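User: Please take a close look at one part of this model, the open sheet with the helices that pack on it, and tell me how it is put together.

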Amino acid sequence: MGMFSGRRASAAPAVPSAEETADAAAAGAPAPRVNEVVGRLRDSSDARLAHPRRFRAAQLRALERLLEEHQQDVLDALAADLGKPAVEARLSELDLVRTEIDHAQLHLTEWMEARHVRVPVAFQPASAKIEPQPLGLVLIIGPWNYPVQLVLSPLVAALAAGNCAVLKPSEAAPASSALLARLVPRYLDARAVAVVEGGAETSQALLAQRWDHIFYTGGDRVGRIVAEAAARQLTPVTLELGGKSPAVVVDGSFAAIARRLAYGKFLNAGQTCVAPDYVLAVGPAAAELEKHLPRAIAAFYGKDPAKSRDYGRIVNRGHFERLAGFLDAAAQGPGTLVSGGARDAGELYIEPTVLAGVDVESPLMREEIFGPILPIVRVDSFDAAVRFVNARPAPLAAYLFSEKPRLQSAFEDQVRAGGIGHNVCNAHLAVPGLPFGGVGPSGMGNYHGKFGFETFSQLRPVLSKTARLDTLKAVYPPYGWAKTRVLRKLM
């Protein structure tokens with residue numbers, strides 16, 4: 001008998017990938033439209049329209065006004081696309097963008113300044129500096145899970161760095177996409193920023209253009225398509241992907257740990273790239289989590305989360321069926337249902353679900369879950385947990401719950417991940433002074449704060465030396481023994 005015996009379950013004979021199930025029905029913008037938009041912004045880029053500091057600051061202020069004056073419109077769009085509760089949407093979408101804007105406004109002058117570099121004696125007298133230069137025209141392709149924040153946060157960095165930008169919101173979040181397409185031209189300079197809506201055909205038309213940088217957030221399958229298209233024109237890319245981010249639990253206050261795991265996992269109904277994908281519980285920690293996680297979930301969302309105003313929904317029917325397939329596959333294997341498991345296809349609702357003792361070779365443990373299902377796997381030791389994590393592709397984030405500094409240091413030294421969190425999930429991406437990005441299969445490049453500014457800039461070296469006095473005679477040929485000896489000392 002499976003662990004979900006007696007619960008209503010929708011049929012899901014296979015577990016397709018996340019990208020295969022995304023809505024792709026939105027009509028793509030025709031290639032001529034893409035050509036016109038890109039050509040117009042390329043002219044602006046070539047004319048250095050966005051380079052002056054005053055222009056950059058004005059665009060940041062305009063974006064800030066957009067969010068202030070249309071906050072309710074944004075909240076309504078997020079509710080329509082993902083059933084996002086208003087408070088959650090403000091915290092995880094609007095406030096994070098506002099933080100990026102405030103940080104960029106505060107530091108813009110400092111970031112734009114040239115940094116002087118010491119010149120070796122052999123080249124004196126001379127001066128050297130590093131000048132941040134705008135890359136030019138950039139493409140930002142956003143995802144559906146945070147369809148406002150993950151389009152506008154990279155845009156903040158691109159504008160601060162003095163670039164023109166084309167935004168491609170996700171067609172799987174149509175209300176948010178339409179809102180951005182309507183509001184961005186009203187607030188930002190249309191010569192420098194444009195929104196292009198559409199599905200796969202639109203993305204293909206955009207990727208066929210020449211860009212100075214492409215910034216993509218989403219899954220690894222489409223990430224490979226973006227990287228391949230960029231490689232054909234030697235365009236640099238930033239890929240913000242995902243992966244199975246582990247949470248290793250060793251010791252501490254298990255009630256608090258359960259609350260932090262539940263909050264990190266079930267935010268946005270589990271559709272968060274840095275959410276803990278699974279838990280590795282060391283020894284007795286497993287039993288403690290099985291006791292405390294259901295209590296934390298009930299405290300957050302009540303006895304019936306379907307009635308909670310603070311719990312979201314799955315983005316579309318395709319992703320619902322994918323997650324239902326995970327649950328059905330798990331029900332046929334070993335393990336127990338700790339809590340949750342209910343679902344409603346009509347409402348795109350999946351209850352916050354905790355599983356224990358699942359098969360580590362099941363689809364649930366091989367593929368990124370990206371939904372409100374949290375498996376707990378018991379391991380015998382901290383070292384066994386580290387070996388388990390390192391035997392799999394490097395994730396976007398890895399979390400350790402332990403109060404022992406020795407284990408925290410060992411975790412940092414031994415685990416390869418895009419980011420590390422000790423005793424908290426998801427929070428590192430909210431700190432503008434920290435870079436956010438993946439490593440290996442979880443992504444390449446990073447952004448947030450100054451790191452975003454530098455992602456969208458060329459850090460150009462400049463060396464200046466007068467020719468009135470030719471002090472380089474010592475390095476010109478022919479090289480006799482005396483000149484060779486001098487050069488060795490100088491260099």
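Analyst: What follows describes the sheet, then its helices, then a salt bridge in one of those helices.

This is a predicted model, in which local features need pLDDT of at least 70 and side-chain atom pairs count only at pLDDT 80 or more, while totals for chains, interfaces and linings use all residues. Residues are numbered from 1 along each chain as its sequence is written, and side-chain values use heavy atoms, with hydrogens and water left out.

The open sheet has 6 strands in the order 5-4-3-6-7-17, and the pairing is mixed; helices (H or I, at least four residues) and strands (E, at least two) are DSSP runs numbered from the N terminus, and two strands count as paired if DSSP finds at least two bridges between them. In general, the strands of a sheet pair through backbone hydrogen bonds, either parallel or antiparallel. The edges are taken by strand 5 (193–195) and strand 17 (443–444), each of which has a single partner strand, so one side of each is left without a neighbour in the sheet. Within the sheet, strand 6 (residues 213–217) runs parallel to strand 7 (residues 237–240), the two being joined over 4 bridges, and phenylalanine 215 has threonine 238 in strand 7 as its bridge partner.

Helix 7 (residues 200–207) packs on this sheet, where it touches strand 3 (137–141), strand 4 (164–168) and strand 6, contact meaning heavy atoms within 4.5 Å. The direction of helix 7 makes about 155° with that of strand 4; axes are lines fitted to C-alpha atoms, for helices over the stretch in contact, and angles run from 0 to 180 degrees between N-to-C directions. Helix 8 (residues 220–232) also packs on the sheet, touching strand 3, strand 6 and strand 7, and its direction makes about 175° with that of strand 6.

Helix 8 also holds a salt bridge, defined as a side-chain nitrogen of Lys or Arg within 4 Å of a carboxyl oxygen of Asp or Glu. Here arginine 224 is joined to aspartate 220, with the closest N and O atoms 3.5 Å apart, and these two residues of helix 8 are 4 residues apart, about one turn of the helix. Arginine 224 counts as exposed at 56% relative accessibility, whereas aspartate 220, at 38%, counts as partly exposed; buried means under 20% relative accessible area, exposed over 50%, and partly exposed in between (1.4 Å probe, protein chains only).
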